Structures are given as structure tokens and as C-alpha cells.
Amino acid sequence: MSYKSSILKETAMSTYKVTLTESERKELDTITQKGSHRSQKILNALILLNCDQGDFQQNKSTNKQVSDVLGVSMRKIDRVKKRFVEEGLAVALQGHKGSRVYKKKVDGDLEARLIAISCSEPPEGFTRWSLRMLADKVIELGYTGGLSHETIRRVLKKNEIKPWKKKGWVIPPEQNGDFVAAMERVLEVYKRPYDPQFPLVCMDESPKQLLGETRQALPGRPVSILKYDYEYQRVGVCNVFMANEPLAGQRLVEITQTKTKADWAMFVEQIAQMWSEAEKITLVMDNLATHKPGAFYEIFPARQAKALWDRFEFIYTPKHGSWLNMAEIELHVLMGQCLNRRLDTLEKVRRQTGAWQTARNNMNATINWQFTTEDTRIKLKRLYPTLDS
């Protein structure tokens, strides 16, 4: 293209005049202020709004001003204006759809073979297939001459297959009457209205590894961020007892060296003291070997053990059903907010958890449990030994 032709083309492009109606301006304002839109669509909307020469626009801008503010080229602005004048608002915002037709690298037959490979056993020495291993395998078997790992990823994503992903969970037994009975018992207890004389308290425990630093942590930027060395020293393990009253937003944390029957019995006594005004405490907990009333008689005199036992109504979650214990939720919060760092002594762990407990109790942070017995009979129907529940 000659210099003269280029000048004439640029002059013609600059003659396109954008005049928006009131409804068009409202639509463009909505695109730039609300909703989720592609960045190019929002940019095109801003160009049209700023290039509007209609009566609704008070301060009219030149292409140069719009280019400087939005950080786009003059040619880009002219292209958007041209599309608006010649083809309308929709084309000006979205642009033209590409007319080029690409040949599919993966047809139905190759897709089926790829899925079959991804669901098969991985090669010896590997626990699961990776994208690059799958790409190499289809070439090795002669299914295709070449395929990138990104193409493999798109095919597997479309079919919701992720052979490299690993998940772990506790699977409750199917058609098990004992599991269902214990589960429905816990859920019925959770439906009880709040009564300070008969509080509902959930209890759980979790180990915490004590780790010491071998080097001093370095302050980062911002100062609140610390850079830790990967090298550390194992000092030991402690046990974190958690008891929380989900409806009142109160909790009790105790750190012990071990997790024996004696530790559990002493913690239950602390629960009784914290809720001393209650007539009877409903205590929901896991069905562990250490969580038995007999532990009271091994630690306390018989009269004191019987009096302590009478303060409680024990409700046990079923085996493989620890997710029914609301204390697990509170333990997760504790681990995420307080104990997700290296602490090397019991004293440090107790000091930090004590401060967290005070702050959390002052917030009256409650738990809004929504899962009900009616939900289990629909979503977990496979667990019920009979069809009509």
C-alpha cells in the first residue's frame, strides 16, 4: 500500500461517527459496571461510550484522548467505530466470529481410546497417568502422529476425567443399620432447640506435631509475612482436645502431652466445670476406645466418677461418620487460624490456643448445621438397609 493510499484510508476511518441512543448508552453502562463480561467486550463498550457524539454526551472526546486514557491504539478505536456504524452494536462489542475451520485433532475414535488408556493401570513405577505420559502413549500405540499434553487435558476435562488427581475420604458402609441408627440419633440431637440447662456440646481431638526452627525466620514484605526455611526439627507430638457449643458459640481447648483415657476423663471434667450451671450436658463425640464412662472410675473415686457421669448424656457418632461431629468444624478453624505454623513446645501451643479461644468466644462464633434426617434419607439412601425409609 502506497503512502497516499494509507493516508486516504486513515482519513476515511476517522470519518465514522458514533451516535448512541439512550437505550444503547444504558446497555453499555451496564456492561462496564455490572456482570461478568470478557475484557475485550468491556473495552469496546468503553470506547463506544467515550466516542459518542450524540446529545447525551456532554464532554466529547477525540480519538487521541480515548487512546491515551484506555491505552489502546487509534486503529483499534477506528475499527470499533466502523463496526458500530456499518454492522451495529452487537458486532461492535463482540467482533466477527472467525471463519477459519480447524481440523479436529481428536475424533470420536481417538477420544474413546484415550479415555480407555486414562482409566487403565499406569505404567510400572508410576501411581497414576500424567498428561505427558498419555500423550506419549497414544503416539506409541500408533493412534496418532502427534498430540500435545494440552490437547489431552481438554479431552479429559470435557469427559470429567482427571487420572492425575487423588482424593481421599471415609466411605460409610452401605446398607448398614448400625451406621444409620447412630447417624439419625446424632441428627435428631442437633434439631433440639437451645436450652442453657441442657446444652449441646461437641467434642473431638486431633494430634499436633511440635516443630522447631533450625534457622531464624526472615521477615518478608509486607512485614507480616515470614519466610521459613524448609529445614526444621521435630520435637514431639501433642494432643488437641476441642469442645464447642455450636448454638451458643462457646468453646474449650485443652492441650495435653498424650491422648489416653486419663487425658479424656480430665478433659470431660473441665467440660463439666465450664458448663457448671447446666443440669445435664449432651456430649457428642467419636466412638473411640478411650471415650468410655469406665475411664472416670479409673481416674476418680467412685462417688466422684458417678456424679461426673450423671452430668452427661453421651451421643456417639457412627464409625466412618466423624463428619457428623460439629467439633471437627471448629478444629478445622483452629488449625487454619492458629496452629498452621511451627510451634516447638507445649507452652507455646497452649498460649496460642488460649488466646485464640478467648478471641473466638468473645465473637460468639456459632455453627449453623443444615443437614437433617430428611436429607440423609434422600442423599444417603444407599446406606439404608431397606428401600422404604
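Tutor: Helices (H or I, at least four residues) and strands (E, at least two) are DSSP runs, numbered from the N terminus. This is a predicted model, in which local features need pLDDT of at least 70, side-chain atom pairs count only at pLDDT 80 or more, and totals for chains, interfaces and linings use all residues. Residues are numbered from 1 along each chain as its sequence is written, while side-chain values use heavy atoms and leave out hydrogens and water.

Student: How many helices and strands does the chain have?
Tutor: Count the DSSP runs along the chain. The total is 16 helices and seven strands.

Student: What is the average pLDDT of the chain?
Tutor: pLDDT is the predictor's confidence in each residue, from 0 to 100. In this chain, 88% of the residues score at least 70. The average is 86.

Student: Over which residues is the pLDDT below 50?
Tutor: Where pLDDT is low, the predicted coordinates should not be read in detail. The stretch in question has six contacts in the model beyond near neighbours in sequence (contact means heavy atoms within 4.5 Å). The pLDDT is below 50 over residues 3-13.

Student: What share of the 389 residues is buried?
Tutor: Buried means under 20% relative accessible area, exposed over 50%, and partly exposed in between, with a 1.4 Å probe and protein chains only. By that rule, the buried share of the chain is 39%.

Student: In what order do the five strands of the open sheet stand?
Tutor: Two strands pair if DSSP finds at least two bridges between them. The pairing in this sheet is mixed. The order is E5-E4-E1-E6-E7.

Student: Which strands stand at the edges?
Tutor: An edge strand here has a single partner strand, so one side of it is left without a neighbour in the sheet. The twist from one strand to the next averages 30°. The edges are E5 (250-256) and E7 (312-316).

Student: Which residue stands opposite Leu 252 in E5?
Tutor: E4 (232-245) pairs with E5 in the antiparallel sense over seven bridges. The two strands form a hairpin with four residues between them, and Gly 249 in the turn has a positive phi of about 75°. Opposite Leu 252 stands Ala 243.

Student: Is E5 largely enclosed or open, and how many of its seven residues are buried?
Tutor: E5 is an edge strand with a single partner. Even so, E5 is largely enclosed by the rest of the structure, because its buried residues number five of the seven.

Student: Which residue in E6 is the bridge partner of Val 201?
Tutor: Strand E1 (residues 200-213) and strand E6 (residues 281-285) run parallel and are joined by three bridges. Val 201's partner in E6 is Leu 283.

Student: Which residue of E7 stands opposite Ile 281?
Tutor: E6 also pairs with E7 in the parallel sense, over five bridges. Opposite Ile 281 stands Phe 312.

Student: Which E6 residues cover its two faces?
Tutor: In a regular strand the side chains alternate between the two faces of the sheet. Five of the five residues of E6 are buried, so E6 is largely enclosed. One side holds Ile 281, Leu 283 and Met 285, and the other holds Thr 282 and Val 284.

Student: At what angle does helix H11 run to E5?
Tutor: Axes are lines fitted to C-alpha atoms, for helices over the stretch in contact, and angles run from 0 to 180 degrees between N-to-C directions. H11 (residues 261-274) lies across E1, E4, E5, E6 and E7. Its angle to E5 is about 150°.

Student: Which backbone nitrogen does the side chain of Asn 325 reach?
Tutor: Asn 325 lies in the loop between E7 and helix H14 (327-337). At 0% relative accessibility, Asn 325 is buried. Its contacts beyond four places in sequence include Val 284 and Met 285. At 3.0 Å, its side chain reaches the backbone nitrogen of Ala 327.

Student: How far apart are the C-alpha atoms of Ala 305 and Ala 265?
Tutor: Ala 305 lies in helix H13 (residues 302-310) and is buried, with a relative accessible area of 0%. Ala 265 is 40 residues away along the chain. Their C-alpha atoms are separated by 9.4 Å.

Student: What is the phi of Glu 160?
Tutor: Most residues other than glycine have a negative phi. Glu 160, in the loop between H9 (149-158) and H10 (177-190), is exposed at 75% relative accessibility. Its phi is positive, at about 55°.

Conventions: A polar contact is a pair of N or O atoms within 3.5 Å; within protein, one must be able to donate a hydrogen and the other to accept it, and residues adjacent in sequence count only if both atoms are side-chain atoms.
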